[in-house]
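Work through the following exercises with the sequence and the model side by side. Try each task before reading its solution.

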Amino acid sequence: MSLEILEKTEHNLKFIVDGISIEMANAIRRIIISEIPVMAVDEVIILKNDSPLYDEIISHRLGLLPLTTDLEVYKLPRECECGGYGCPLCQISLTCEVTNTSNTPLQIYSGDLNSNDPKIVPVNPKIPIVKIDKNDKVIIEAYGILGLAKDHVKWQAVSNIFYRFYPQIEFDDSKCAKCPDKCRISRLCPENLYDFSNKKSPVLVEDYWKLCTLCNSCQFECPEEAIKVYWKDNTFIFSIESDGVLPFGTIISKTFEIFLEKIEEFVESLEEVEIES
Ligand SMILES: [Zn+2]
């Protein structure tokens, strides 16, 4: 198995994985989207709310705030020594007390929440929560815990993840010489993978595999049957979009940690099964 990073920015990661089956690629996708623990607000106490929004709407907004997560320190409540009651190893608190002393409406942002752990804070301090009028006041206490997206989407570690096949195109341009058409495929391809600017024969653009969606229209439409489109077996191009709750390195290493745990659990369960011969 090999892995090649194509693109890495603060919020996007693209990489090619070679040498795995589609079942394994899908297992990786499913673990990343639903089984990596991240921090999110799970309990809210509203002590004062003069805003026009109901308490429930504000609580819902707080629940969906992406919070930076530290998996080295925090544990899932069910795995914590406190038994899930709530302690510094499995719970963080966020408080917010804002009074609008100005004469204009005041917007309360995620950055107005004060965390008891400076490492666990909203990913972006400019996420609007609620707007209050002059002399209005909001006092909130919120508690965050680690959770899994298979229980609630607010605990999803990534915004999006998908993979696609690695496209391969074999193009025999020697067949173009006798073609009566002025290269229909260079006009038809939705991703403009064929360059026909030299007017003699089309050229397949470099890095076509980054854009090709395997629609096969070039293969079907070429009158000379000069094109063959297929995909590489066991090679996948992954794209991950993150809101920044966890670094990509942690997401990938945690994914394989969970993957191996699942395999071990499966093998142990299999060994316990008695098969009658
Ligand atoms: Zn605890």
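The exercises below go from the zinc site to the cores, the aromatic pairs and the backbone.

This is a predicted model, in which local features need pLDDT of at least 70 and side-chain atom pairs count only at pLDDT 80 or more, while totals for chains, interfaces and linings use all residues. Residues are numbered from 1 along each chain as its sequence is written, and side-chain values use heavy atoms, with hydrogens and water left out.

**Exercise 1. Find the protein donors of the zinc ion and state the geometry of the site.**

Solution. Begin with the donors, which are N, O and S atoms within 2.8 Å of the metal (3.2 Å for Na, K and Ca). The SG atoms of Cys-80, Cys-82, Cys-87 and Cys-90 qualify, at 2.2 to 2.3 Å from the zinc ion. Along the chain, these donors follow the spacing C-x1-C-x4-C-x2-C. Next, take the angles among the four donor atoms: they run from 98 to 116°, and the site is tetrahedral, a label that requires all angles of four donors to lie between 85 and 135 degrees. Finally, look at burial, where buried means under 20% relative accessible area, exposed over 50% and partly exposed in between, with a 1.4 Å probe and protein chains only. By this test, both Cys-80 and Cys-90 are buried.

**Exercise 2. Locate the largest nonpolar core and explain why it lies between two domains.**

Solution. A nonpolar core is a set of buried Ala, Val, Leu, Ile, Met, Phe, Trp, Tyr and Cys residues joined through side-chain atoms within 4.5 Å. The largest one has 50 residues, and Ile-32, Leu-62, Phe-238 and Ile-240 have the most contacts inside it. Domain 1 (2-34 + 160-239) and domain 2 (38-155), with bounds from an automatic or database domain assignment, both give residues to this core, so it lies between them. Apart from this core lies another, of 19 residues, among them Ile-16, Ile-169, Leu-204 and Trp-209. To see the surroundings of one member, list the contacts of Ile-32 (heavy atoms within 4.5 Å): leaving aside neighbours within four places in sequence, they include Ala-157, Val-158, Ile-161 and Ile-240.

**Exercise 3. Classify the aromatic pair of Phe-165 and Phe-236, and say which parts of the chain it links.**

Solution. Rings of Phe, Tyr and Trp (its six-membered ring) pair if their centres lie within 6.5 Å; planes under 30 degrees apart count as stacked, over 60 as edge-to-face and the rest as tilted. The whole structure holds seven such pairs. For Phe-165 and Phe-236, the centres are 5.7 Å apart and the planes stand at 45°, so the pair is tilted. Phe-165 belongs to strand E9 (residues 160-171) and Phe-236 to strand E12 (residues 227-241), 71 residues apart; strands are DSSP runs of E with at least two residues, numbered from the N terminus. Phe-165 is partly exposed at 29% relative accessible area, whereas Phe-236 is buried at 2%. Both rings also belong to one aromatic cluster, together with Phe-15, Tyr-163, Trp-231 and Phe-238.

**Exercise 4. Describe the phi of Asn-135 and its setting, and say whether the residue is buried or exposed.**

Solution. Most residues other than glycine have a negative phi. Asn-135, however, has a positive phi, near 70°. The residue sits in the loop between strand E7 (128-132) and strand E8 (137-147), and its relative accessibility of 61% makes it exposed.

Terms used
Four donors count as tetrahedral if all angles lie between 85 and 135 degrees; four count as square planar and six as octahedral if opposite donors are over 155 degrees apart and all others between 65 and 115; anything else is irregular. Helices (H or I, at least four residues) and strands (E, at least two) are DSSP runs, numbered from the N terminus.
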